[in-house]
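Student: Could you take a close look at one spot in this model with me, and then carry on from there to the backbone and the helix packing? I'd like the reasoning spelled out as you go.

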Amino acid sequence: MAVTILSVQNVVLPAASIGPENPLAPLRTQREPHQVENIAEVPADLRENIEYGRLHSPLPCLNQDGYNRTLVETALPALVLENDHVRATVLPSLGGRLYSLVHKGTELLYRNPVFQPANLALRNAWFAGGVEWNVGSTGHWTGTCAPMHAARVEGPDGTPVLRLWELERTRNLVTQLDFWLPEDSEFLYVGVRLQNPSDVEVPAYWWSNIAVPESPDRRVLVPADQAWRFGYGSRLDLVDVETDLTYPTRHPRAVDYFFEPLPEEHSWIASVDGDGNGLVQASTSRLQGRKLFVWGQGDGGHRWQEWLSPGLDGDGYAEIQAGLARTQMEHLKLPAATSWHWLEAYGRVSMDAGAAHAENWKTAREAGAAASGVLLDGLAGREAEWLGVVDAAPAERLAVGSGWGALELKRTGWSVSGGTPFSEDTMTSREEAWLPLLDGQLPATDVVPDGTLVAWRDLLEAAEDNWLVWYHRGVARHYDGDVDGAIEAWRQSGDNAWALRNLGVVTGELEYYERAVELLPDLVPLVVEAVAAALDTDVKRAERMLEHAPDDPRIQLLRVRHALETGDPAAAHELLAAGIQLATVREGANPLTDYWLAAEEALGTQRPVPPQYQFGMGEN
């Protein structure tokens, strides 16, 4: 192979269905485990960034919680860049994930053998493996299980560049990824640009999450002598980088380490095996943050890895990461009408094993820097070359993302680079349904309301009244903090399940929830919310709603809770012992174990928690 080739292929692997989006408006974010309890103790600049820009709802996006755990052989669309040295496989329909990076027959990443969503992202659904691109806000981004636009662009050296782009809808940032593999290169370059086309400052957030194999002989190398440790005890503490910290399998529990960069050092991080071989990720200076995440060697950590990779055989994975800020709790200020860019590089690194695993940390990290020296010294030049084509128009469309970007351009007239076009022909009926609102109307057809375009509030307020307009007005008002105005709007919306559910969430008045369930008794997310709320204060009302509830693991879990709260631990134990596979169990939550232990305590028995229920990752 004399040149770099870009091809359209499929990756065939066992995959669970992503399922439908949850139509209920996410008025609040899911619980985010990255809450810093000792915020007053951290430096002022770090504290300011942590307190700025936190996302309180993923709107206008809806949650993705309709997936299952039934694996079926599935062909996933893939775009492949390859030359004589490297083969890079990208999944355009799943957030542009870099699924695989092979160097002369050796996989450098942790490549998940299945596609299995789990509840870890801002919109719920997330999957493990490869390199994930996170933009928008703390947490796995809203587009991680959604399609991106993709096209071929002529590269600076005549080789093809694979470009992916999409509108990140919570911040209205145009996200651009340019995958570039020069024909003689042993490194894949990824140029990233965030465009803020609006006339206001927005919070900016980026982390490239790189899954790498985990084994007892693998070590992480990074140019840092200190790191901010964040465990599930919610404290952020500055610690020294010591030997055990750099070996992922030596951590008993899940933990994050955000490394403090050394002045004058290049930005890079590597994971190497016992022979000193592995993956290095490096970048130009804007991407200064580096991180190590491990699941830990406890029962909960092992259970999570198996949950994310069913049938996992052998060692699991760790994540090395690269970000805009020092930690993932921070957001930076991206000015109006401004773009930020940087270049990342991914490839094989090889060094003397003795130096790589030296007990003296300085010796080890300097060996990593020396082994990566040629790459690091050449990054600025490569970035300059890439910037020569960053605005080049796509030459060939390879995949289509959403039409939301095109819709927003119709509303705003924003100036966006010609290299990341949002063509009107990308709009589907979903986006086109909002076009009449530009002329003051939103037809109240008998439809399930879509995610409210909260940035369109002024248009919603001025539109002709009907139940759907009142519903969306209420959501937009609530998003902006106008709770009283939201309640008024939903009451004006009338006797429909969508507005009634929102009233139940905000007022806490269970009659709204119960009426919503009467209108939509088969909508599982609604029934789950309503019963959970009723179990807090009105068990009888919860019983009525459970009586005809659909058959679903989430409903079964509520039946367990109901049995415990009504003094029937034997029934709770029977339900748990029969087996509940809760596909949407949330990172940082462990209800199956909690209920098992509560039933055992009430029964006066001490049967051990089944391994399949052990998702706990917190501090003991």
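Tutor: Cysteine 145 counts as buried, because its relative accessibility is 8% and the cut-off for buried is under 20%. Keep in mind that this is a predicted model. So where is the closest possible partner for the sulfur of cysteine 145? The closest cysteine sulfur belongs to cysteine 61, and it sits 12 Å away, which is too far for a bond. A disulfide would need the two sulfurs within 2.5 Å. Turn it around and start from cysteine 61: the closest cysteine sulfur is the one in cysteine 145, again at 12 Å and again too far for a bond. Cysteine 61 is buried too, with a relative accessible area of 4%. By that rule, the disulfide count comes out at zero.

Stay around there for a moment and look at the backbone. The peptide bond running from leucine 59 to proline 60 is cis, its omega being near 10 degrees. Proline 60 lies in the loop that links helix H1 (44-51) with strand E2 (72-82).

Next, a couple of positive phi values. Asparagine 124 has phi near 95 degrees, positive in a residue other than glycine. You'll find asparagine 124 in strand E7, residues 124-126, and it is buried, with a relative accessible area of 5%. Alanine 337 also isn't glycine, yet its phi is positive, near 50 degrees. Its setting is the loop between strand E23 (332-334) and strand E24 (338-350). Is alanine 337 buried or exposed? Exposed: its relative accessible area is 64%, and the cut-off for exposed is over 50%.

Now for the helix packing. Two packed helices are described by the angle between their axes and the distance between those axes. For helix H9 (residues 467-479) against helix H11 (residues 497-507), the angle is about 25 degrees and the axes are 10 Å apart. Angles under 35 degrees count as roughly parallel, and H9 and H11 are therefore roughly parallel to each other. The crossing of H9 past H11 is left-handed. Which residues meet there? From H9 come Trp467, Tyr471, Val475 and His478, and they meet Trp498, Ala499, Asn502 and Val506 of H11. Sorted by class, that H9–H11 contact has six nonpolar residues, two polar ones and no charged ones.

Terms used: Residues numbered from 1 in each chain as written. Predicted model: local features only at pLDDT ≥ 70, side-chain atom pairs only at ≥ 80, totals over all residues. Heavy atoms only, no water. Buried < 20%, exposed > 50% of the residue type's maximum accessible area, 1.4 Å probe, protein only. Axes fitted to C-alpha atoms, helices over the stretch in contact; angles between N-to-C directions. Helix = DSSP H or I, 4+ residues; strand = E, 2+ residues; numbered from the N terminus. Parallel < 35°, antiparallel > 145°, perpendicular 65-115°, else oblique. Left-handed = near helix turned anticlockwise from the far one by under 90°. Contact = heavy atoms within 4.5 Å. Nonpolar A, V, L, I, M, F, W, Y, C, P; charged D, E, K, R; others polar.
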